[in-house]
Amino acid sequence: MTQSVQARIENEIKSMKRGSILFPSNFDVVGNVEVVKKSLLRLTNKEFLIRLAHGIYLYPKQDKLLGVLYPSIEEIANAIADRDKARIIPTGITALNKLGLSTQIPMNIVFLTDGASRSVVVGKRTIKFKRTTPKNLSVKGKLTGLIIQALKEIGKDNATDEQLEKIHNHLRLEEKEIIEHDAKLAPAWISKIIKNRKQ
């Protein structure tokens, strides 16, 4: 029985795009969770899959020069959020990095979520999901959401002119209605920075 489940899982994975991130829950209809886990372990042992973290697998995409193309830590976080039907927003240094406000790459990447709080160890790095209030996840704009989190990390009155200039450049790409909506969800000092964007 286990063998047939493994064959069915393997065939199902072959129909997916290379580079797909997989979880045992992807194969709920194929067999019970223990049989599915054993099948995924066997497929990992035969190098058909790569285990990224506990219960997280990669259907690897190969590059002739670079070898296996691994997903970014953020792609893994987004895959976990999709599986859990949860919303996430990058915080802290990650938000700064994505906006070009810092070149520092954090070892621990932290996301606010409306899903469960948890930590996922991926290699030497850790993805942390911190449960937050719905208000923090109610922003409509991807950019404004990042900017609010980045400014929280920088702190009140600590942003340099260069950082503010970059923030205003990003805001020029966001719709006015979205900015007005999201500014209301931010602390007053951040709201003021967002609303004062240069046209």
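**Exercise 1. Determine whether Gln163 in this predicted model is buried or exposed, and state which residues it contacts.**

Step 1. Gln163 has a relative accessible area of 16%. A residue counts as buried when this value is under 20%. Gln163 is therefore buried.

Step 2. The element that holds Gln163 is helix H6.

Step 3. Neighbours within four places in sequence are set aside. The contacts of Gln163 are then Leu101, Ile154 and Asn158.

**Exercise 2. Describe how helices H5 and H6 pack against each other.**

Step 1. Begin with the geometry. The axes of H5 and H6 are 10 Å apart, and the angle between the two helices is about 165°.

Step 2. Classify the angle. An angle over 145 degrees counts as roughly antiparallel, so H5 is roughly antiparallel to H6.

Step 3. Identify the residues in contact. H5 contributes Leu143, Thr144, Ile147, Leu151 and Ile154, while H6 contributes Gln163, Ile167, His170 and Leu171. Gln163, the buried residue of Exercise 1, is thus one of the residues by which H6 meets H5.

Step 4. State the handedness: H5 and H6 cross in a left-handed sense.

**Exercise 3. Describe how helix H5 packs against helix H8 (residues 188-195).**

Step 1. The angle between H5 and H8 is about 125°, and their axes lie 10 Å apart.

Step 2. Angles over 145 degrees count as roughly antiparallel and those from 65 to 115 as roughly perpendicular. The value for this pair fits neither class, so H5 is oblique to H8.

Step 3. The crossing of H5 and H8 is right-handed.

Step 4. On the H5 side, the residues that meet H8 are Ile147, Ile148, Leu151 and Lys152; on the H8 side they are Trp189, Ile190, Ile193 and Ile194.

**Exercise 4. Characterise the surroundings of Trp189.**

Step 1. Trp189 belongs to helix H8.

Step 2. With a relative accessible area of 23%, Trp189 is partly exposed. The reason is that the value falls between the limit for buried, under 20%, and the limit for exposed, over 50%.

Step 3. When residues up to four places away in sequence are not counted, Trp189 touches Leu151, Lys152, Gly155 and Lys156. Leu151 and Lys152 are residues of H5 that take part in its packing against H8.

Step 4. Val36 serves as a distant point of reference. Trp189 and Val36 are separated by 153 residues in sequence, and their C-alpha atoms are 51 Å apart in space.

**Exercise 5. Lys85 and Asp157 both have a positive phi; locate each residue and decide whether it is buried or exposed.**

Step 1. The phi of Lys85 is near 50°, a positive value in a residue that is not glycine. Lys85 lies in the loop between helix H3 (73-84) and strand S6 (88-90).

Step 2. The relative accessibility of Lys85 is 76%, so Lys85 counts as exposed.

Step 3. Asp157, which is not a glycine, has a phi of about 65°. Its place is the loop between helix H5 (142-154) and helix H6 (161-171).

Step 4. Asp157 has a relative accessible area of 73% and is therefore exposed.

**Exercise 6. Analyse the open sheet of three strands and its hairpin.**

Step 1. The strand order is S1-S3-S2, and the pairing is antiparallel.

Step 2. Strands S1 (21-22) and S2 (50-53) are at the edges, each with a single partner strand, so one side of each has no neighbour in the sheet.

Step 3. S2 and S3 (residues 56-58) are antiparallel and joined by three bridges. Among these pairings, Ala53 has Ile56 as its bridge partner in S3, and Ile50 has Leu58.

Step 4. The two strands form a hairpin with two residues between them, and Gly55 in the turn has a positive phi of about 75°.

**Exercise 7. Analyse the open sheet of four strands.**

Step 1. The order is S6-S7-S9-S8, with mixed pairing.

Step 2. The edge strands are S6 and S8 (118-122); each has a single partner strand, so one side of each is without a neighbour in the sheet.

Step 3. On average, neighbouring strands of this sheet are turned by 25° against each other, direction ignored.

Step 4. S7 (residues 108-113) and S9 (residues 125-131) pair in the parallel sense over six bridges. Asn108 has Thr126 of S9 as its bridge partner.

**Exercise 8. Assess the confidence of the prediction.**

Step 1. The mean pLDDT of the protein is 91, and 97% of its residues reach 70 or more.

Step 2. Among the elements, helix H1 (residues 2-14) has the lowest mean pLDDT, 86, and S3 has the highest, 97.

Methods. Residues are numbered from 1 along each chain as its sequence is written. This is a predicted model: local features need pLDDT of at least 70, side-chain atom pairs count only at pLDDT 80 or more; totals for chains, interfaces and linings use all residues. Side-chain values use heavy atoms; hydrogens and water are left out. Two strands pair if DSSP finds at least two bridges between them. pLDDT is the predictor's confidence in each residue, from 0 to 100. Buried means under 20% relative accessible area, exposed over 50%, partly exposed in between (1.4 Å probe, protein chains only). Axes are lines fitted to C-alpha atoms, for helices over the stretch in contact, and angles run from 0 to 180 degrees between N-to-C directions. Angles under 35 degrees count as roughly parallel, over 145 as roughly antiparallel, 65 to 115 as roughly perpendicular and the rest as oblique. A crossing is left-handed if the near helix is turned anticlockwise from the far one by less than a right angle, and right-handed if clockwise. Contact means heavy atoms within 4.5 Å.
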